[in-house]
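The following exercises are to be worked with the sequence and the coordinates at hand. Each task is followed by a solution in steps.

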Amino acid sequence: MSTAFIPTTKTTITKKTDLLGLTLPELQQWLEERGEAPFRAKQIYQWLFQHLVTNFSAMTNLPLALRSRLAEEASIGPMIVRSEQHSKDDRTRKILLELEDGKLIESVLMLYPPLGENSARATVCVSTQAGCAFGCTFCATGQMGFDRHLSTGEIVAQTLYFARELRAAPWTAQGLPGSAPIDHITNIVLMGMGEPLHNYDNTLRALRILNSADGFNLGARHMTVSTVGLVPAIRKLSQEQLQVNLAISLHAPTDELRSKTMPVNRKYPIEELIAACQDYIAATRRQVTFEYVLLAGVNDMPVYAHKLGQLLAPLKQFAHVNCIPVNATSADYRPPGGDAIRAFRDILHQHGVSNTVRAERGDDIAAACGQLRTRFESVRRQTISKTDDK
Ligand code: SAH
Ligand code: SF4
């Protein structure tokens with residue numbers, strides 16, 4: 001037996017610093033470490049988050065030497081848009097992004113024209129992980145398994161992508177002539193791929209960066225964190241002094257049912273989860289939204305509406321239920337009809353629990369989280385296997 005000796009050459013790969021992942025003090029420090037003036041940080045922040053530039057050469061108030069140094073050592077959210085789809089009415093846009101290591105994630109922009117007293121909204125649905133470790137049975141992302149956490153910069157970059165798009169071409173609702181065009185992002189929801197509180201530190205940093213008054217300046221009250229119900233992380237979030245909205249993916253009012261569709265319930269059962277929400281409310285005095293994906297014949301029957309009402313009634317005006325007819329990602333689930341949804345909501349009202357129904361959007365572009373990537377990868381697999389067949 002002989003063992004071949006393979007010589008290794010040591011190559012140094014210098015990874016560029018993604019500036020979208022740095023807070024302002026961190027950027028100041030990064031510049032100082034390189035012998036640059038820290039006051040440049042604010043200028044750079046304005047270029048990144050207010051002018052939304054993607055290129056260091058556009059930063060015209062920086063000395064040329066600094067611009068070329070930045071080009072060598074730093075990057076601005078390096079990712080490739082692999083596909084962009086717009087729904088027929090152009091109210092939903094979805095992008096598939098390829099990260100530096102080839103992982104794929106999705107982000108969605110949802111546009112809402114002004115309605116009554118509500119002004120127009122442009123909401124980005126942001127991913128926080130590639131894949132997800134929690135395996136909820138109705139969720140396309142959950143069925144993929146977990147790839148990795150996204151970096152802070154990768155979370156921030158998704159919002160900036162759509163911000164640039166709206167800045168370049170403000171959106172006006174079709175059929176609503178005269179309504180003011182929307183040219184900026186008004187809200188973000190962490191409801192794309194992944195579990196935000198499983199990637200706690202990067203997620204919180206991303207929210208703080210987008211919130212920074214020196215940069216993107218999006219109010220914390222315009223941000224929503226949605227969680228599968230990680231109890232210790234919910235308790236930690238209540239201490240952050242950040243006025244973000246909290247949404248809990250509840251989806252079932254009994255442990256027996258919830259454990260069937262959401263394996264996380266075996267670790268954090270409903271009683272512990274509701275206790276954490278009560279403490280969150282006591283600490284923040286903020287309302288909590290409970291998401292309830294309606295699965296016909298599974299969790300939409302009157303008996304479950306009563307149990308949900310009883311569970312949440314003690315939280316009084318601090319609980320709100322968002323009923324979401326499931327966006328069918330597989331043959332296993334289908335959304336209930338209008339009558340069943342109305343009956344479910346009426347029962348919640350009888351228990352004094354406020355609720356709304358969220359119409360799922362963008363069906364024609366597969367807007368439920370994870371669906372675009374699933375479709376893209378199956379096409380990619382088909383293409384690969386066809387090539388292999390040759
Ligand atoms: N991991 C987090 C956030 C991402 S999922 C969470 O679970 O809360 C965002 C929301 O979409 C969650 O409420 C999730 O339960 C819901 N969701 C997942 N699959 C869905 C589907 N097929 N139809 C409708 N909503 C779905
Ligand atoms: Fe993960 Fe949320 Fe999907 Fe559950 S619903 S698998 S937690 S992304």
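**Exercise 1.** Is Lys-316 buried or exposed? State also where the residue lies and what its backbone shows.

*Solution.* The model is a predicted one. Begin with the position: Lys-316 belongs to the loop that connects helix 9 (302-312) with strand 13. Next, consider the backbone: the phi angle of Lys-316 is near 50 degrees, a positive value in a residue other than glycine. Finally, take the accessibility: Lys-316 has a relative accessibility of 56%, and because exposed means over 50%, Lys-316 counts as exposed.

**Exercise 2.** Carry out the analysis for His-251: what is its phi, and is the residue buried or exposed?

*Solution.* His-251 sits in the loop between strand 11 (245-249) and helix 7 (255-261). Its phi is near 65 degrees, which is positive although the residue is not glycine. The relative accessible area of His-251 is 5%, so the residue is buried, the limit being under 20%.

**Exercise 3.** Determine the strand order of the open sheet and identify its edge strands.

*Solution.* The open sheet has 10 strands in the order 3-4-5-6-9-10-11-12-13-14, and the pairing is mixed. Strand 3 (80-86) and strand 14 (354-357) are the edge strands, since each pairs on one side only. From one strand to the next, the twist averages 20 degrees.

**Exercise 4.** In which sense does each edge strand pair with its partner?

*Solution.* Recall that strands of a sheet pair through backbone hydrogen bonds, in either a parallel or an antiparallel manner.

- Step 1: strand 3 pairs with strand 4 (residues 92-98) in the antiparallel sense, over 6 bridges. Within this pair, Glu-84 stands opposite Ile-95 in strand 4.
- Step 2: strand 3 and strand 4 form a hairpin with 5 residues between them, and Asp-90 in the turn has a positive phi of about 60 degrees.
- Step 3: strand 14 pairs with strand 13 (residues 319-325) in the parallel sense, over 4 bridges. Here Val-321 has Asn-355 of strand 14 as its bridge partner.
- Step 4: helix 10 (residues 338-350) lies across strand 12 (288-294), strand 13 and strand 14, and runs at about 165 degrees to strand 14.

**Exercise 5.** Where does Tyr-280 lie, and which residues does it touch?

*Solution.* Tyr-280 is part of helix 8 (residues 270-284). With a relative accessible area of 2%, Tyr-280 is buried. Leaving aside residues up to four places away in sequence, Tyr-280 touches Ile-234, Leu-237, Ser-238, Val-244, Leu-246, Arg-285 and Val-288. A further distance can be stated: Tyr-280 and Arg-235 are 45 residues apart in sequence, yet their C-alpha atoms are 6.5 Å apart in space.

**Exercise 6.** Which residues surround ligand 2, and how many of them are nonpolar, polar or charged?

*Solution.* The residues around ligand 2 are Cys-132, Phe-134, Gly-135, Cys-136, Cys-139, Gly-142, Gly-194 and Val-228. To sort them, note that Cys, Phe and Val count as nonpolar and Gly as polar. The shell around ligand 2 therefore has 5 nonpolar, 3 polar and no charged residues.

**Exercise 7.** How many disulfides does the structure hold? Assess also the burial of Cys-125 and Cys-323.

*Solution.* A disulfide is a covalent bond joining the sulfur atoms of two cysteines. The structure holds 0 disulfides. Cys-125 has a relative accessible area of 10% and is buried; Cys-323, at 0% relative accessibility, also counts as buried.

Conventions. Residues are numbered from 1 along each chain as its sequence is written. Chains are lettered from A and ligands numbered from 1 in the order in which they are written. This is a predicted model: local features need pLDDT of at least 70, side-chain atom pairs count only at pLDDT 80 or more; totals for chains, interfaces and linings use all residues. Side-chain values use heavy atoms; hydrogens and water are left out. A residue is near a molecule or strand if one of its heavy atoms lies within 4 Å of it. Two strands pair if DSSP finds at least two bridges between them. Helices (H or I, at least four residues) and strands (E, at least two) are DSSP runs, numbered from the N terminus. Axes are lines fitted to C-alpha atoms, for helices over the stretch in contact, and angles run from 0 to 180 degrees between N-to-C directions. Contact means heavy atoms within 4.5 Å. Buried means under 20% relative accessible area, exposed over 50%, partly exposed in between (1.4 Å probe, protein chains only). A disulfide is a pair of cysteine sulfur atoms within 2.5 Å.
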